[in-house]
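Hello,

Here is the structure you are taking over. My notes on what turned up in it follow below.

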Amino acid sequence: MACRLNISLFLWLLLVICEAGRQMSKLSNKKLCADSECSHPILIARATQDYYPADCRFIPIRQGQLVYVYSMLKDRGNLFWAGSVQGSYYGEQEARIGHFPSSVVEELQPLMPANTEVKTTKWDFYCD
């Protein structure tokens, strides 16, 4: 009996660990980037309002924060961009790239043209 309980507990824990991350629905099938890896920022923008994310695919943004934009989702008329938030000093917020509505930021400084079309993958919308 104790052996069955231990096996059941082990399987339950394994299931919990495996379900830690989850695949979310794709927001788009394509994105525009500066390069094929989407590793270079396209532009710097400033948040014009606070944004509270609906789920883990998105990042929270506070009014006035700088956002480094790395990609623009293509299929939905560039409604969503992906980027990282920069606080008032280095190290204030962990570097996390996520999506946000393009309507909550204003473009400040173009850095590189977004001429490269890249297919999105399941990892673009993965939540952990």
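**Pocket, core, disulfide and fold**

By class, 9 nonpolar, 3 polar and 6 charged residues make up the lining of the largest pocket. Please keep in mind throughout that this is a predicted model.

The pocket itself has a volume of about 390 Å³. Its lining consists of 18 residues, and those nearest the centre are Ile97, Gly98, His99, Trp123 and Asp124. Three elements give two or more residues to this lining: β4 (66-73), β6 (98-101) and β9 (126-127).

Next, the interior. The largest nonpolar core has 21 residues. Inside that core, the residues with the most contacts are Leu43, Ile61, Val69, Trp81, Phe100 and Val105. At least two core residues come from each of β3, β4 and β5 (80-86). Strand β4 supplies the largest share, at 4 residues. So β4 appears in two lists, as a contributor to the pocket lining and as a contributor to the core.

What does Val69 touch, once its neighbours within four places in sequence are left aside? Its partners are Pro41, Ile42, Leu43, Ala45, Trp81, Ala82, Gly83 and Phe100. Among them, Leu43, Trp81 and Phe100 are also listed with Val69 for the most contacts inside the core.

Leu43 comes up again at Pro110, which is placed in strand β7 (residues 105-110). The C-alpha atoms of Pro110 and Leu43 are 4.3 Å apart in space, while the two residues are 67 residues apart in sequence. With neighbours within four places in sequence left aside, Pro110 is in contact with Ile42 and Leu43. Is Pro110 buried or exposed? Its relative accessibility is 67%, so Pro110 counts as exposed, the cut-off being over 50%.

On cysteines, a search of the whole structure finds 1 disulfide. The bond joins Cys33 to Cys38, with an S to S distance of 1.9 Å. Its torsion about the S-S bond is about 70°, and the disulfide is therefore right-handed.

Both ends of the bond fall under the 20% cut-off for buried residues, because Cys33 has a relative accessible area of 0% and Cys38 has a relative accessibility of 12%. Cys38 is found in the loop between β2 (30-33) and β3 (43-47). Its phi is near 55°, which is a positive value in a residue other than glycine. You may want to look at Cys38 in your viewer.

Finally, the chain as a whole. How many helices and strands does it have? The secondary structure comes to 1 helix and 9 strands. Along the sequence these follow the pattern α-β-β-β-β-β-β-β-β-β. The chain has 128 residues, and 36% of them count as buried. Taking the contacts in the chain with a separation of 6 or more, 69% are between residues 24 or more positions apart. The pair Pro110 and Leu43, 67 residues apart in sequence and in contact, is one example.

Regards

Key
Residues numbered from 1 in each chain as written. Predicted model: local features only at pLDDT ≥ 70, side-chain atom pairs only at ≥ 80, totals over all residues. Heavy atoms only, no water. 1 Å grid on protein atoms, 1.4 Å probe; cavity = no way out; pocket = protein on both sides within 12 Å on 5 of 7 lines; lining within 4 Å. Points joined across faces, edges and corners; volume = space filled by probe spheres on them. Nonpolar A, V, L, I, M, F, W, Y, C, P; charged D, E, K, R; others polar. Buried < 20%, exposed > 50% of the residue type's maximum accessible area, 1.4 Å probe, protein only. Core = buried A, V, L, I, M, F, W, Y, C linked by side-chain atoms within 4.5 Å. Contact = heavy atoms within 4.5 Å. Disulfide = S-S within 2.5 Å.
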